[in-house]
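Subject: Structure handover

Hello,

Here is the structure for you to load. My notes on what was found follow below it.

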Amino acid sequence: LKNIRKWSSLISKGTGYKADMLILGENVAAEFVENTSIKAALDNLNYQAGQLSAMAGANTMVGGNPIMTLSGGIQVYEYNQEYTNAAGSTTSMLDKDSIILTSSAGASTIFEFFKGTITRFDKASGATNKAVEYYSDIIVNEDGSAKTFQLEQMSLPVIKIPQGIITCKVL
């Protein structure tokens, strides 16, 4: 809890925004809620460190399960989303031993979305690059009997203010 308060202060000083979102990988979340010192701080009636709750707060995060609210309004989430890689194996999107602390209020300032290049190939003109937010296309087969509709989006989130996010791996 001391590190989280220190990190929160660093984000606030570096960005002017209050850190209010702590995202834990699956292994860290399991250890966090079972940690005896955290339980003792939460159970201490003389000091309100936070509350452990299945519905930890009104804020929601896509892909995150709210597990706790710490004093100062820091929402703690367990992030357990996965994807299937090209080899066909399931992989966690966030390392199971990682922590991310950031500000949801400053997200539009801390992070910036850039439009990635979308490449299209055409028989007549060859490769065409487009830097647009969304690109849609209709492809008609040679005899005109079928159409394929395509939509592609290539937004790339980039950390614009590095002081607005703290990440670490718990060993």
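**The main core**

The largest nonpolar core has 19 residues, and those with the most contacts inside it are L22, L24, F32, M68 and V76. Please note that this is a predicted model. Six elements each supply at least two residues of this core: α1 (2-15), β1 (21-24), α2 (26-34), β3 (64-70), β4 (74-79) and β7 (98-102). Helix α2 gives the most, with four residues.

V76 is a good place to start looking. Leaving aside neighbours within four places in sequence, V76 is in contact with L22, L24 and F32. V76 also meets N65, P66, I67, M68 and L70 on the same count.

Apart from the largest core lies another one, of seven residues. Among them are M21, I23, I100 and I165.

**Helix α2**

Which residues of α2 are buried? They are V28, A29, F32 and V33. These four sit on the same side of α2, because they cover an arc of only 120 degrees around the axis. The general rule is that an α-helix has 3.6 residues a turn, so residues three or four places apart point the same way. The face of α2 turned away from the buried side carries the exposed residues E31 and E34.

**Two serines**

S8 is found in helix α1. Is S8 buried or exposed? S8 counts as buried, because its relative accessible area is 14%, under the 20% cut-off. Leaving aside neighbours within four places in sequence, S8 is in contact with A19, I74 and L101.

S98 lies in strand β7. S98 is also buried, with a relative accessible area of 11%. Not counting residues up to four places away in sequence, S98 touches I23, L24, G25 and V28. C168 and K169 are on that contact list too. Of these partners, L24 is among the residues with the most contacts inside the largest core, I23 belongs to the seven-residue core, and V28 is one of the buried residues of α2.

**E82 and its partners**

E82 lies in strand β5 (residues 82-84). E82 is partly exposed, with a relative accessible area of 43%. Which residues does E82 touch, not counting those up to four places away in sequence? They are T90, T91, S92 and M93. For S92 there is a distance to check: the C-alpha atoms of E82 and S92 are separated by 4.3 Å. Along the chain, E82 and S92 are ten residues apart.

**The surface**

I138, V140 and F149 make a nonpolar surface patch of about 320 Å². I138 has its place in strand β11 (residues 134-140). I138 is partly exposed, with a relative accessible area of 48%.

The accessible surface of the chain comes to about 11100 Å². Carbon and sulfur atoms account for 53% of that surface.

**The chain as a whole**

The chain has four helices and 14 strands. Of its 171 residues, 30% count as buried. Take the contacts between residues at least 6 apart in sequence: 54% of them join residues at least 24 apart.

Best regards

Terms used
Residues are numbered from 1 along each chain as its sequence is written. This is a predicted model: local features need pLDDT of at least 70, side-chain atom pairs count only at pLDDT 80 or more; totals for chains, interfaces and linings use all residues. Side-chain values use heavy atoms; hydrogens and water are left out. A nonpolar core is a set of buried Ala, Val, Leu, Ile, Met, Phe, Trp, Tyr and Cys residues joined through side-chain atoms within 4.5 Å. Buried means under 20% relative accessible area, exposed over 50%, partly exposed in between (1.4 Å probe, protein chains only). Contact means heavy atoms within 4.5 Å. Accessible areas come from the Shrake-Rupley method with a 1.4 Å probe; for residues, only the protein chains shown count as cover. Patches are made of residues with over 30% relative accessible area and no salt bridge: like charges are joined within 9 Å, nonpolar side chains (Val, Leu, Ile, Met, Phe, Trp, Tyr) within 5 Å. A salt bridge is a side-chain nitrogen of Lys or Arg within 4 Å of a carboxyl oxygen of Asp or Glu. The arc is that of the directions from the helix axis to the C-beta atoms.
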